[in-house]
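The following paragraphs lead the reader through one protein structure, moving from individual side chains to the packing of helices. Please keep the sequence and the structure in view while reading.

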Amino acid sequence: MSSSVVETVESERTPAEKMKLRAALIERIGGYMTAHAIGLAAELGLADLIKDGVRSSEELAAGTGTHEPSLRRLLRTLAAVGITEEPEPGRFGLTEVGAQLRSDSPDSLRAFSRIFCHPSLFGAWAGLGHTVSTGEPAYDHVFGKEFYAHLSEQADLSALFNEAMGEESRIAAGQLAAGYDYSGFRKVVDLGGGDGTLLATVLPGHPGLRGVVFDSASGVAQAPGVLAAAGVADRCEVVGGDFFQDIPGDGDLYVIKSVFQDWGDEDSRALLRSVRAQMPESATLLIVGTVLPETASPEFPIMFFTDLNMLVNTGGRERSESEFRAMLEDTGFAVESVRLGAAGPLSIIEAVPAGAAR
Ligand SMILES: C[S@@+](CC[C@H](N)C(=O)[O-])C[C@H]1O[C@@H](n2cnc3c(N)ncnc32)[C@H](O)[C@@H]1O
């Protein structure tokens with residue numbers, strides 16, 4: 001088969017159909033230009049300057065210290081992909097999609113846009129070929145350091161990463177706050193909890209509950225501020241450490257959200273063994289994260305990009321339900337429930353120590 005079949009079909013295409021096929025590919029290739037344009041808009045804080053209404057490119061250039069004719073071309077390109085709008089020549093407003101770049105929005109994705117378009121993540125993606133040839137993370141190859149080790153040496157970048165993860169977590173955290181029954185629990189330990197967004201969202205509606213945000217020292221650096229802003233600092237400890245070594249042993253609910261994707265199978269099993277060995281026998285583990293369908297599906301393409309992004313940056317991977325089940329069962333857990341898509345696009349897997357009397 002069939003280059004000849006393909007050739008025949010291609011030769012039967014009308015010029016208009018061929019143009020459409022070409023455009024479908026070219027638009028996808030242009031994805032990196034779209035990402036750079038959005039990342040720069042986020043970096044410059046353009047959405048904050050436009051939030052009160054339409055502004056001229058001259059005003060926006062003055063507000064951002066940029067070259068007006070070039071900024072106007074950036075704004076026009078952003079209008080072409082639905083981030084800004086140009087109701088009259090040279091004047092720009094925000095669309096609802098673009099409004100998510102505002103830093104004062106509760107649904108902000110500004111830090112998320114900045115980190116994903118940062119030279120460190122972009123730089124690693126330039127090494128995709130190395131990753132696919134060797135199976136090793138391009139990040140280490142390009143920067144000579146593992147992703148989290150490198151992040152821990154750059155306080156500003158680490159703060160941006162933590163904020164970005166917090167932004168990404170907000171919807172799932174809201175769904176976990178409203179949709180999970182905490183009545184049987186006293187203390188929730190969020191392992192790899194980053195800036196504390198999850199517990200800052202869960203604790204306010206559950207006054208009897210205490211929490212611990214546990215992450216590396218650089219990972220928890222912003223957590224005290226986030227917890228204080230949510231009014232729950234007095235009910236939530238912030239602990240820096242290495243979850244492969246020591247974790248707080250006095251919780252009764254352990255949450256691990258968007259963490260296993262960072263790690264290959266050996267490290268993920270090591271993390272589960274660390275948790276299993278240190279959590280009380282009566283405690284519950286909640287894994288919150290992407291659960292891949294068993295076969296590729298175009299329904300949520302972002303899941304597959306995230307999987308590849310993990311391969312490039314950390315050597316980690318997304319997993320299917322059967323892969324999570326196998327990993328949990330091998331490390332001494334019994335899976336109680338799997339709720340697909342119960343936290344936004346993320347899923348919730350509830351597990352308990354296998355064989356423990358409950
Ligand atoms: C992808 S982020 C997820 C953060 C947060 N759970 C969320 O969903 O927004 C993974 C987190 O794991 C943390 N982490 C990585 N290695 C760690 C280690 N050895 N010990 C503790 N935390 C670690 C990182 O600092 C980071 O905050």
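Arg317 is a suitable place to begin in this predicted model. With a relative accessible area of 28%, Arg317 is partly exposed, because that value falls between the limit of 20% for buried residues and the limit of 50% for exposed ones. Which residue forms a salt bridge with Arg317? The partner is Glu323, and the closest N and O atoms of the two side chains are 3.0 Å apart. Glu323 is also partly exposed, at a relative accessible area of 31%. The two residues belong to a network of salt bridges that links Asp265, Arg317, Arg319 and Glu323.

In general, side chains of opposite charge can pair when their charged atoms come close. The count for this structure comes to 15 salt bridges. One of them joins Asp48 and Arg110, with 3.6 Å between the closest N and O atoms. This pair links distant parts of the chain, for Asp48 belongs to helix 4 (residues 46-50) and Arg110 to helix 7 (residues 110-116), 62 residues apart. Asp48 is partly exposed, with a relative accessible area of 23%, whereas Arg110 has a relative accessibility of 17% and counts as buried. The reason for the two labels is the cut-off: buried means under 20% relative accessible area.

A further salt bridge brings together the side chains of Lys187 and Asp250, with a distance of 2.7 Å from N to O. Here too the pair links distant parts of the chain: Lys187 is in strand 4 (residues 187-191), while Asp250 is in the loop between strand 6 (236-240) and strand 7 (253-257), 63 residues apart. Is each partner buried or partly exposed? Lys187 counts as buried, at 8% relative accessibility, and Asp250 counts as partly exposed, at 37%.

Helix 4, which holds Asp48, also contains Leu49. Leu49 is partly exposed, with a relative accessible area of 32%. When neighbours within four places in sequence are left aside, Leu49 is in contact with Arg55, Leu60, Gly63 and Thr64. Gly31 offers another reference point: Leu49 and Gly31 are 18 residues apart in sequence, and their C-alpha atoms are 25 Å apart in space.

The next topic is aromatic rings. A pair of aromatic rings is described by the distance of the centres and the angle of the planes. How many aromatic pairs does a search of the whole structure find? The search finds 12. Among them is the pair of Phe112 and Phe116, whose rings are 4.6 Å apart from centre to centre, with 45° between the planes. The pair is tilted, because planes under 30 degrees apart would count as stacked and planes over 60 as edge-to-face. Phe112 and Phe116 both lie in helix 7, 4 residues apart, which is about one turn of the helix. Phe112 is partly exposed at 22% relative accessibility, and Phe116 is partly exposed at 31%.

Phe147 and Phe161 provide a second example. The centres of their rings are 5.5 Å apart and the planes stand at 70°, so this pair is edge-to-face. Phe147 is found in helix 11 (residues 147-152) and Phe161 in helix 12 (residues 155-179), so the pair ties together parts that are 14 residues apart in sequence. Both Phe147 and Phe161 are buried. They take part in one aromatic cluster, formed by Tyr139, Phe143, Phe147, Tyr148 and Phe161.

Whole helices may be considered next. Two packed helices are described by the angle between their axes and the distance between the axes. Helix 15 (residues 265-278) packs against helix 17 (residues 321-330) at an angle of about 50°, and their axes are 9 Å apart. This angle makes helix 15 oblique to helix 17. The crossing of helix 15 with helix 17 is right-handed. On the side of helix 15, the contact is made by Asp265, Ser268, Arg269, Leu272 and Arg273; on the side of helix 17, by Ala326, Met327, Leu328 and Asp330. Asp265 has already appeared above, in the network of salt bridges with Arg317, Arg319 and Glu323.

One point of backbone geometry remains. Most residues other than glycine have a negative phi. Ser258, which is not a glycine, has a positive phi of about 50°. Ser258 is placed in the loop between strand 7 and helix 15.

Definitions and conventions. Residues numbered from 1 in each chain as written. Predicted model: local features only at pLDDT ≥ 70, side-chain atom pairs only at ≥ 80, totals over all residues. Heavy atoms only, no water. Salt bridge = Lys/Arg side-chain N within 4 Å of Asp/Glu carboxyl O. Helix = DSSP H or I, 4+ residues; strand = E, 2+ residues; numbered from the N terminus. Buried < 20%, exposed > 50% of the residue type's maximum accessible area, 1.4 Å probe, protein only. Phe/Tyr/Trp six-rings, centres within 6.5 Å; stacked < 30°, edge-to-face > 60°. Axes fitted to C-alpha atoms, helices over the stretch in contact; angles between N-to-C directions. Parallel < 35°, antiparallel > 145°, perpendicular 65-115°, else oblique. Left-handed = near helix turned anticlockwise from the far one by under 90°. Contact = heavy atoms within 4.5 Å.
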